[in-house]
Amino acid sequence: MINTVALMGRLTYDPELRSTPSGVSVIRFQVACDRNYQRAGEERQADFIDCVAWRQTAEFISRYFRKGSMIAVEGSIQTSNYTDKDGNKRKQVEVVANNVSFCGSKAESGTESQPREYAQAAPSYSNADNSDFEEIVDGDDDGLPF
């Protein structure tokens, strides 16, 4: 079976690094991707795609990406069903990021302040082992299961 996703877009908010009860780093973020087709006389539409990254990939994103940063994401789609705090059944669809990369210029991505040797040696990060997806412990649950 094939479940592969490739995205390139801009982060819609500053990602916030969190940890599971067992100390695994996790970060949730959203990528805005322009659609290819634009009807005459209308503004270009965008899709807002929820993503999650684990471990070193999460730490990499937290350290080098901010709202508005251009990012390339390779991963897979994951779905889950849950019941919110009002008893409504919900379905969540998100991309589990396995590889992330910088896109655009250094000025655009805000990476000028990173160490020069890092910028040249590691323009992307891969985390192939996302085997133990654990819930995030946080006081602000907004009715979501993470």
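User: Leaving aside its neighbours within four places in sequence, which residues is Thr 83 in contact with?
Analyst: This is a predicted model, and in it Thr 83 sits in strand β5. At 48% relative accessibility Thr 83 counts as partly exposed, because the exposed class only starts over 50%. Once the neighbours within four places in sequence are set aside, the contacts of Thr 83 are Asn 88 and Lys 89.

User: OK, zooming out: what pattern do the helices and strands of the protein chain follow along the sequence?
Analyst: The protein chain has three helices and seven strands to place. Going along the sequence, the order is β-β-β-β-α-β-β-α-α-β.

User: What share of the contacts with a separation of 6 or more comes from residues 24 or more positions apart?
Analyst: Some background on the chain: of its 146 residues, 36% count as buried. It exposes about 9,100 Å², with carbon and sulfur atoms supplying 46% of that. As for the contacts with a separation of 6 or more, the share from residues 24 or more positions apart is 63%.

User: Which strand does β3 join through nine bridges?
Analyst: Let's go through the partners of β3. With β1 it pairs in the antiparallel sense over two bridges, and Arg 10 has Ala 32 in β3 as its bridge partner. With β2 (residues 16-19) the pairing is antiparallel over four bridges, Leu 17 being partnered by Ile 27. Ala 32 also stands opposite Phe 48 in β4, and the antiparallel partner with nine bridges is β4.

User: Which residue in the hairpin of β2 and β3 takes a positive phi?
Analyst: That hairpin has five residues between the strands. The phi in question is near 90 degrees, and the residue is Gly 23.

User: How many of the ten residues of β3 are buried?
Analyst: Cys 33 gives one example from this stretch, since β3 spans 25-34. At 10% relative accessibility Cys 33 counts as buried, because the cut-off is under 20%. The strand is mostly covered, and the buried count is nine.

User: Which strands and helix each supply at least two residues of the largest nonpolar core?
Analyst: The general background is that in soluble globular proteins, nonpolar side chains tend to be buried together. Here the largest nonpolar core has 20 residues, and those with the most contacts inside it are Phe 29, Val 31, Ile 61, Phe 65, Ile 71 and Val 73. The elements giving at least two residues each are β1 (5-11), β3 (25-34), β4 (46-54), α1, β5 and β6.

User: Leaving aside neighbours within four places in sequence, what is Val 73 in contact with?
Analyst: Val 73 is one of the residues with the most contacts inside the largest core. Apart from those sequence neighbours, its contacts are Val 5, Ala 6, Leu 7, Phe 29, Val 31, Val 95, Ala 97, Asn 99 and Val 100.

User: And which residues does the second, separate core include?
Analyst: This second core is made of five residues. Among them are Val 24, Val 26, Trp 54 and Val 96.

User: Why does the pair of Tyr 64 and Phe 102 get its class, and what is that class?
Analyst: A search of the whole structure turns up five aromatic pairs. In this one the ring centres are 5.9 Å apart and the planes stand at 80 degrees; planes over 60 degrees apart put a pair in this class, so Tyr 64 and Phe 102 are edge-to-face.

User: How many residues apart are Tyr 64 and Phe 102?
Analyst: Both residues are buried. Tyr 64 is in helix α1 (residues 55-64) and Phe 102 in strand β6 (residues 89-102), so this pair links distant parts of the chain, and the separation is 38 residues.

User: What about Phe 65 and Phe 102: stacked or edge-to-face?
Analyst: Phe 65 lies in the loop between α1 and β5 (70-83), so pairing with Phe 102 in β6 ties together parts 37 residues apart in sequence. Phe 65 is buried at 0% relative accessibility, and Phe 102 is buried at 19%. Their ring centres are 5.0 Å apart with planes at 20 degrees, so the pair is stacked.

User: Which residues do ring pairs link into a cluster?
Analyst: Tyr 64 pairs with Phe 102, and Phe 65 pairs with Phe 102 too. The cluster linked by ring pairs is Phe 60, Tyr 64, Phe 65 and Phe 102.

User: Last one: how many disulfides does the count come to?
Analyst: Cys 51 is buried at 2% relative accessibility. Its sulfur is 7.7 Å from the closest cysteine sulfur, in Cys 33, which is too far for a bond. The disulfide count comes to zero.

Terms used
Residues are numbered from 1 along each chain as its sequence is written. This is a predicted model: local features need pLDDT of at least 70, side-chain atom pairs count only at pLDDT 80 or more; totals for chains, interfaces and linings use all residues. Side-chain values use heavy atoms; hydrogens and water are left out. Buried means under 20% relative accessible area, exposed over 50%, partly exposed in between (1.4 Å probe, protein chains only). Contact means heavy atoms within 4.5 Å. Accessible areas come from the Shrake-Rupley method with a 1.4 Å probe; for residues, only the protein chains shown count as cover. Rings of Phe, Tyr and Trp (its six-membered ring) pair if their centres lie within 6.5 Å; planes under 30 degrees apart count as stacked, over 60 as edge-to-face and the rest as tilted. A disulfide is a pair of cysteine sulfur atoms within 2.5 Å. A nonpolar core is a set of buried Ala, Val, Leu, Ile, Met, Phe, Trp, Tyr and Cys residues joined through side-chain atoms within 4.5 Å. Two strands pair if DSSP finds at least two bridges between them.
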